[in-house]
Structure formats: structure tokens, C-alpha cells
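The following exercises ask the reader to describe a two-chain model step by step. Each task is followed by a worked solution.

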Amino acid sequence: MSIDLTVVWAFIIAFAVFAYVVMDGFDLGIGILFPTFAVGPERDRAMNSIAPVWDGNETWLVLGGGGLFAAFPLAYAVILPATYPLIIAMLLGLVFRGVAFEYRWRDPGHRRYWDAAFTGGSLVAAMAQGMTLGALLQGVEVVGRSYAGSWFDWLTPYTLLTGLGTVAGYALLGATWLVWKLDGGSQHHARQLGKKAAWATLVLMGGVSLYNVFLNADYAARWLTAPEIYWAAPVPILTAIIAVALIRALSVERHSKPFWLSIALFFFGMAGLGVTMWPYVVPPDLTIWDAAAPKRSQVFMLVGVAITMPLIIAYTAWAYWVFRGKVGHEGYH
Amino acid sequence: MDNLDALILARIQFAFTVSFHFIFPAFSIGLASYLAVLEGLWLKTGKQLYLDLFKYWLKIFAIAFAMGVVSGIVMSYQFGTNWSVFSDLAGPVIGPLMAYEVLTAFFLEAGFLGVMLFGMERVGRKLHFAATIMVALGTFISAFWILSVNSWMHTPTGYEIGANGQFLPGESWLAIIFNPSFPYRLVHTVLAAYITTAFVVGGVGAWHLLKDRTNPHARKMFSMAMWMATIVVPVQIYAGDMHGLNTLEHQPQKVMAMEGHYQSYPDGAPLYLFGIPNDEEQRLDYAFGIPKLSSLILKHDLDAPLAGLDTIPDDEQPPVAIVFWSFRIMVGLGFAMLGVGLWALLARWRRKLYDWRWLHKVALVMAPSGFVAVIAGWITTEVGRQPYVIYRLMRTADAASPLDAPAIAASLLAFVVVYFAVFGAGVWYILHLMHKPPHAHEKGVKRGDKGPIRTAGITPGPTQDPTDATRRDLSGTKQEPQERP
């Protein structure tokens, strides 16, 4: 039996994107929710809960982008010009978000400005990522080997919907992460935020799903006709079960359960997108095989992934383990 | 015409974002290694002084590294946003090398950075030292891969051209990775990063010696930095010479532009020290040079013939003036650094390393010289391979994304405004930290006034033993003086 390396690579890129979305998702979510936290220890603790790990989390974005460049160069070369303003906005948002981690401690006199940069950068990056996803799903015009659409193809009601959905989803991840890492009044506050973000995420996810199924004939066929419906149907059913469990957990849970359920929600959300897009990497024209790098490139990188990925996961897990538990108050215990 | 504007704007944008970005790795590659050395010396000798210096520079490293990360992520997307044709066609060859950079370097740095910055009291000394080593190793591995990519674009080997026009990997990846200019470029660039850091550390040490020549921390950092200047700068000049000979072999017109050789010299070419390149007339105006010296340097023979730009078609010549001058700035600064290194050696021999005020003043002035030399060097090599993006195979003009000029102009403006504001603030904070004298019981990277990251987890951290005085000190639970008494 021969394994299709292009399919393997599609799953590797999907894994990198998923890892980025959930891991930097909670970092960005905390940024989005930051203004609702009280100035002082509450904000400091929220920030401290991610300060040791945000950089590693963000690296998955570089793997997603770099991996796309390496494994599907044509897709990389089409998607980035097609969503140019979104990508630039995302990068600049991440600049503000990233430096705020260091700067806010270095300059107490201007801390509120760097806090605003933290929130603004996170919000812009999240919105831009969600809109980029929407722009991809709604289809990108390709002629030859280049993007052939116009400047503002990426700006539609649908991309605004996917953008808002991503913002809400990241806020959910951030809030549930803080439920896990904080205690006392701050935890209560995070749980309240989590409930609101959960409802917003579910409504927007539903909206995007309905839009996909009812406004796009190609996508509707994948979800609503046999035999596709038999292997596609479990996705929405499981998503619904997780959604109920999440809402219930957010009312009572003091530890990590809402966070893991949020990740599960994202997992099935992404699985749904996978069903929607497959086998296209740039709908409606480029399949993963159209855009794939040659076999030699795929094999060479696969060796690297096979060796390094277990190590990366191991030491990333270790770094999280080192900083496990609730974030302390003011460092004195 | 519109396409030409878009091309120029895209080139300016890439030059701007990559130049700004490289300032931070040039510093953090060297500083990560310096931190590893300091921590290793602390573990070996047990001297508090090394730990103080480690913590002093760790705070600066944290800011520089953050700026390097966020400006680096921009670079990993700039290939696709602004050079999509290049990305599509060269992706199968250079994409995997960049993926290896992410897998073997970026994750390593980022994964261990949190422990390096905040984890000493949680993991113990030895594991913390291991984390510092991993971060330093990560910066080096990152340089390895990205310089392999860059070198391949200068001296492409090991590829095939596919039916769809893509560059495809040939039989051996080693032929791609270890392309002819890569070993030289790697050595030259990594040494440049070490020297850049050494002059920053030396400048900061000199600044504090000028204020208080008895400060033991300032003395130590100044002495260490000057050893680097004395030993590594001569090595770098030799490595640079070798890199130049390699360039002569593979990219002769770049060397012609560096030398200002518009004409061919059949019996010995002069080394021009000064001149105004005139591309239109194809001659060096107001030229002043030393006869035959260029042939001696490049061919090790006074009378060796050297071809000039008159042998190169006009549309394959790089813009001479930029290359000519940036090369002179780099070399001039290199020899000025050599002078500082030799002066420091003399001062050491006469036992006045910590008392020679003029040496300290000059070292202070030279603190940013590494950054200028590094950027000048990159301008020399990158402008010198124009008009090609992949040397002799793909023109820069054919590599750009199908974007309209106003879109690129707007993003360029946004990058300029944001970079100057954000990185200007970061540099200001670094200078502020450097301004504070290093002192005994230096604080580490603490999250503001609230102490380090601590958790109230059920399981106590493995090394939080309150009976161990040193570790208690590290954990920041003891009151520490704000300033040196």
C-alpha cells in the first residue's frame, strides 16, 4: 500500500494550524478580554499565566505559514497576495501584542498604553485570522499560477462573520484558560466571561455553518447528500454534545475542564471545515495535489517532522509542566 | 510604469523589514551565547558576580528577543505577500529548509525561553543552564538554516527545473544546503553577531567604568568583551577575506562593484580607497587608490589580471555606488574594531585596562558599530547580486506578487510607522536598562514589581527548598537592594 504524501502533508499543516489556533488562541483571547480585568494584580496574574509560553505558542503560526510555503508553495503564493491587507494587519497586530509582554513591565508610567496595545493587537490579529479563513472558504480567484482577484475580495459579510466567530472563540479559550489558572474573584470573573464567550462562539459557529451549507452549492453537496452525509454527520452531532457539556461545566468547574472542552469544540469546528474544504487547499480551483511540492521535498521534510515533532511536543509539554498550577498572588508564598 | 513602482516599493519594504529584523538576531545570537557562558562560569566557580551579570543581561535579552520574534514572523510571511512568484517557483527547494528552521530552531528557542527567563527557581540550576544552552543553540541553528537559504539564492546548486517552471530539488539535499557560498557566509555572519554583541557589552562596560572604574561588574564585562574584540575581530577579517574570494569565484560582478572596477585591468588592478561611482559613464570619478593592491588581495599576485564591469552587459550590473560605499563602511568599521581590540591588548599588557579613559570613551562610541557594519555587509551582498533574486536564474523584477503599487505603499507606510514607534520604544527600554549600573544581587527578569511568576500549585516546585539560602535568593523571596549600596 502506498501512502499519498500530499495527504499526509495536508494533515500535518492542518495539525499545525489547529495547534496554533488553540495555543495562541488562548493568548490572544486573554488579550481580547484584558480590558475587563481590574488594573493591578488581576491583570498582572492574567498576563503572567501566559508570559512563559506565548512565544512557543506563536511559533506554530510560523510552522503553519512556513509549512504551507514548503509543502504547498503554490497555495502560499496565492493565499497571501489574495488576503494581503489581512496578513499585514495580522502581522502588525502580533507585533503590538508580542512586545507588550515585555514593555508593560519595563515602563509602569505607560503601562496602560501597552495594555491597550496588547488588547488592540490581539483583537486585530484574531479578526484578521478569522477573516483570512473566511476569504479562503468563500473562494479565491486564480488564473494560471497567480491570484487574479481584486483588492477587496476578502471583505464580505461572510468574512466578517468568520472574523467575529474567531474573536469569540479565542475569547472563550482565553476565559477558560484563566478559569484553570486563576482562583478567587478573578476566577469567578473569568467564568462569567467564559459563559458569554461560549454562547457567542456557538451562535457564530452556527451562523458560519448555515452560511456554508445554504449559500454555497458546492459545500452543501458535501454535507447534505449521501454518501458524504454519513461520515460528515457525526461532526455536528459531537459538536452539539460538547457545546452542552461546556455550558454546564462553565457553571461549576474550578479547574481545567472548560478549557479542554473548548479545545474539543475547536477540534470539531476544524474537522467541519476540513469536510467543507476537502480536497481543496484554495477553493474552488486548487486541490492539495495541484499545489503540492514535489515528492523529494515532501520526503525530506517528513523525515524532519518525524524526528523533531515528538521532541517539540515533549519539551513544550515540559515547559507547561514547569509553570503548572494556579498563578500566584504577587509571587509571595 | 505602475508595475515598476510596485516593484520598487516591494523592494523597499523587504529591505526595510529585513534590515530592521536583522538588528535583533545580530544581537541575540551573540547575547544568548554570552549568557550561556556567564551562567556556565557561575555554575563552575560559584561566584555571585557571574550570576549578577547573567541577570543584568538577561533583562536586556528578553526585550531584544521579543523584538526579534515579532519582526521575524513578519519575514516568514513577506516571501508570500510580496514575492509570491518567487515563493511559488522556489518553494520546493528553499521551503523545506525554512521548515527545518522552524522545527529545529524556532521551537527550541521559544520552548526553552520561558524557563530561561522565569524558571530558575522552579527547575534548579542545572536544568536552567540546560535551557539557556538550548536557547543559545536555537539561535545558532536558526542562523544555519536561514543562511543556507540565503546562500542558495546567491549560489544555487543541486536543483532541477520542472516542467511547470518550478525549481525542484535534485538528487541530494546536501548539494542544496551546502551550496558553495554557504560555509563562508555562515562563519562570517555568526562571527559578526558575536562581535556585534561584544562591542555592545564592551560599550556598556566602558560607560560604567567611566562613571566608576572600581565597579567589579563593569570591569568583568569590559574585560570579557575586549578579549572578544582582540581575538575574534582578526579571525573575522580573515573569514571576510575568504568570503570575498568565494564571491569573486561565484559572483564576480558583485566584487567588481565592491571594488569600483568599471574597467578591466589586464596587469594588476588598483585598490580604490575613495571614488564616486558613475554608472552612466561607467567610470569611477575622483578615484584615489593604491596600484595593484586589489590584485594582490584577490589573487595574491600583484600583476594578476582582473576583469571589470566592462565585461558585463549593462542590464546585469548591480548599482555600483551602493555596493561600493556599503562595502567601505563595513571594512572601515572592521579595521576600527581591530584597532580597539589591539588597544585593549596593549592596555591589558600595561595593566591599565580599567583606567585608560580614552579607551573607555572610544569603546563607548564603538558600541553600536557592529550593527552598522552588519547592515552595511548585508547591503553589500544583497544589492551586489542584483538584478537577480536567484543569481543568474530569476530576476527580482520577475519575482514580485501581482499587487498594485498603492497597496504596497500603504503597507510600507504602516511598517515604517509601527516599527519606528514600537522598536524605538524597545531600544529606549534597553538603553534605560543599560544605563543602570550592574551591581551585586542583580534582580532577574521579574514580572514588574510583583515578583516572578509563581504558582500556588498543589505540588511545590521541585527545588523550592526554603532551607537552601542560594535558591531562596534566586526565587526573589528575599528583599534585595534596589541599587548598589
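The exercises below concern a predicted model, and they proceed from whole chains to helix pairs and single residues.

**Exercise 1. Overall form of chain A**

Determine the secondary structure content of chain A and judge its compactness from the radius of gyration.

Solution.
- Step 1. Count the elements: chain A holds 14 helices and four strands.
- Step 2. Compare the radius of gyration with the globule rule. Chain A has 20 Å, close to the 20 Å that the rule gives for 333 residues, so chain A is as compact as a globular protein of that length.
- Step 3. Describe the extent: along the principal axes, the C-alpha atoms of chain A fill a box of roughly 60 × 45 × 40 Å.

**Exercise 2. Overall form and domains of chain B**

Carry out the corresponding analysis for chain B, and describe how its two domains meet.

Solution.
- Step 1. Chain B contains 15 helices and six strands.
- Step 2. The radius of gyration of chain B is 25 Å, which agrees with the value near 23 Å for a compact globule of 485 residues.
- Step 3. The box filled by the C-alpha atoms of chain B is roughly 75 × 55 × 45 Å along the principal axes.
- Step 4. Divide the chain: domain 1 of chain B comprises 16-179 + 412-485, and domain 2 of chain B comprises 200-387. The centres of these two domains, taken over C-alpha atoms, are 27 Å apart.
- Step 5. Examine the contact between the domains. Domain 1 of chain B gives 15 residues to the contact and domain 2 of chain B gives 20 residues. On the domain 1 side, helix 1 (2-45) and helix 2 (48-82) of chain B are the elements that give two or more residues. Helix 1 of chain B provides the largest share of that side, six residues.
- Step 6. Classify the residues: the side of domain 1 that touches domain 2 in chain B has 10 nonpolar, four polar and one charged.

**Exercise 3. The interface between the chains**

Which element of chain B supplies the largest share of the side that touches chain A?

Solution.
- Step 1. Establish the extent of the interface: 67 residues of chain B are in contact with 68 residues of chain A.
- Step 2. List the contributing elements. At least two residues each come from helix 2, helix 3 (84-118), helix 4 (120-123), strand 2 (167-169) and helix 14 (405-435) of chain B.
- Step 3. Identify the largest share: helix 3 of chain B supplies 24 residues.
- Step 4. Classify this side of chain B: 42 residues are nonpolar, 20 are polar and five are charged.

**Exercise 4. Helix packing across the interface**

Are helix 5 of chain A and helix 14 of chain B roughly parallel or roughly antiparallel?

Solution.
- Step 1. Read the geometry: the axes of helix 5 of chain A and helix 14 of chain B are 11 Å apart, at an angle of about 10 degrees.
- Step 2. Apply the cut-off. Angles under 35 degrees count as roughly parallel, and the two helices are therefore roughly parallel to each other.
- Step 3. Identify contact residues. Helix 5 of chain A contributes residues including Leu92(A), Phe96(A) and Arg106(A), and helix 14 of chain B contributes residues including Val418(B), Val422(B) and Tyr429(B).
- Step 4. Classify the contact: it has 13 nonpolar residues, two polar and one charged.

**Exercise 5. Two packings of helix 6 in chain A**

Describe how helix 6 of chain A packs with helix 5 of chain A and with helix 1 of chain A.

Solution.
- Step 1. Helix 5 (residues 84-106) and helix 6 (residues 111-137) of chain A have axes that come within 7 Å and cross at roughly 150 degrees. That angle makes helix 5 of chain A roughly antiparallel to helix 6 of chain A.
- Step 2. The crossing of helix 5 and helix 6 of chain A is left-handed. Their contact has 17 nonpolar, six polar and four charged residues.
- Step 3. Helix 1 (residues 5-33) of chain A packs with helix 6 of chain A at about 125 degrees, with axes 7 Å apart. That angle makes helix 1 of chain A oblique to helix 6 of chain A.
- Step 4. The crossing of helix 1 and helix 6 of chain A is left-handed. Leu28(A), Gly31(A) and Ile32(A) of helix 1 of chain A take part in the contact, and the residues from helix 6 of chain A include Phe118(A) and Leu123(A). This contact has six nonpolar, four polar and no charged residues.

**Exercise 6. Backbone details**

Where are the cis peptide bond of Pro283(A) and Pro284(A) and the positive phi of His300(B) placed?

Solution.
- Step 1. The cis bond joining Pro283(A) and Pro284(A) has an omega of about 0 degrees. Pro284(A) is in the loop between strand 3 (280-282) and strand 4 (286-287) of chain A.
- Step 2. His300(B), a residue other than glycine, has a positive phi near 55 degrees. His300(B) lies in the loop between helix 10 (293-299) and helix 11 (320-349) of chain B.

Conventions:
Residues numbered from 1 in each chain as written. Chains lettered and ligands numbered in written order. Predicted model: local features only at pLDDT ≥ 70, side-chain atom pairs only at ≥ 80, totals over all residues. Domains from an automatic or database assignment. Contact = placed C-beta atoms within 7 Å. Nonpolar A, V, L, I, M, F, W, Y, C, P; charged D, E, K, R; others polar. Axes fitted to C-alpha atoms, helices over the stretch in contact; angles between N-to-C directions. Parallel < 35°, antiparallel > 145°, perpendicular 65-115°, else oblique. Left-handed = near helix turned anticlockwise from the far one by under 90°. Rg over C-alpha atoms; globule rule 2.2 N^0.38 Å.
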